[in-house]
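User: Please take a close look at the aromatic pairs in this structure. I would like a connected account of the rings involved and of their surroundings.

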Amino acid sequence: MGRVEGKIALVTGGAAGIGAATAATLAREGATVVVADINTDGAKQTAERIGGSASALHFDATSPESIESLVGAVIAQHGRVDVVHNNAALVGPDAWFTDGSVIDTSIEMWDRAFATNVRSIFLMCKSALPHMVASGGGSIINMASVGGLRGSPALTAYGTTKAAVIGLTRFVAAQHGKQGVRCNAIAPGVIRTRQLLDAVPELPVKALEAVASPRVGEPEDIANMVLFLASEESAFVNGETYRVDGGAMVTAPASRDQGAQK
């Protein structure tokens, strides 16, 4: 029997990288997975690779209507949602290379980052929580970052949004833990995804110098933490943020490149 056998799991940003790895891991351990992404074709490909009962839905993290429609579609199809992995975020060269210091970062970049990285998670929780409470509980896993736990010369908007995600996680846990809903966050370090390699090919080599591990992170490292937090193994864990960074925060100061998690 799988570790999340019979659970209905919604994974946002599931077209590639961490989201795709998480969707596959949850499905392998018995969950029925709904893969959601603005890249509908990529989400469908992830669901097809998983096979079985996995399905794909379009989702725009910046649209409140899209978020409400996504949760409604999951409930209409499955009757409940037990696990929500809020993984969608504003990442990639367009974000990383225009997100500088406080002085350099534009208002547009700041607002875009908050809309995608924070407001979307707030709205997803707001929409999913009543259903989770009605069905007896569940687990929400939010994607933060080590960038939200420290300062750095750049990535101001990104890091600040991830700090906000950590704060929001605590509020959801405090307000709904008694109703059976747990909410935790994961703070990855550098994770070697295709998107990251395409944008900054040299980053994994640089990152290896800064971690207390013999390798850099892989999407499966985050997926395994999501699995733990989604399962009953973490039944007494609530409101926490777990660093999955290979020991980077205990061995080296922050740099611009190390702030790009995926």
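Analyst: Phe228 is partly exposed in this predicted model, because its relative accessible area of 23% lies between the limits of 20% for buried and 50% for exposed residues. Tyr242 also counts as partly exposed, at 24% relative accessibility. The ring centres of Phe228 and Tyr242 are 6.5 Å apart. Their planes stand at 80°, so the pair is edge-to-face, given that planes over 60 degrees apart fall into that class. Phe228 belongs to helix 9 (residues 219–230), whereas Tyr242 belongs to strand 7 (residues 241–244). The pair therefore ties together parts that are 14 residues apart in sequence.

The structure holds two aromatic pairs. Besides the pair just described, Trp110 and Phe114 form a tilted pair, with 4.9 Å from centre to centre and 40° between the planes. That angle is called tilted because it is neither under 30 degrees, as in stacked rings, nor over 60, as in edge-to-face rings.

The setting of this pair is a single helix: both Trp110 and Phe114 lie in helix 5 (residues 107–134). They are four residues apart there, which is about one turn of the helix. As for accessibility, Trp110 is partly exposed at 34%, and Phe114 is partly exposed with a relative accessible area of 24%.

Methods:
Residues are numbered from 1 along each chain as its sequence is written. This is a predicted model: local features need pLDDT of at least 70, side-chain atom pairs count only at pLDDT 80 or more; totals for chains, interfaces and linings use all residues. Side-chain values use heavy atoms; hydrogens and water are left out. Rings of Phe, Tyr and Trp (its six-membered ring) pair if their centres lie within 6.5 Å; planes under 30 degrees apart count as stacked, over 60 as edge-to-face and the rest as tilted. Helices (H or I, at least four residues) and strands (E, at least two) are DSSP runs, numbered from the N terminus. Buried means under 20% relative accessible area, exposed over 50%, partly exposed in between (1.4 Å probe, protein chains only).
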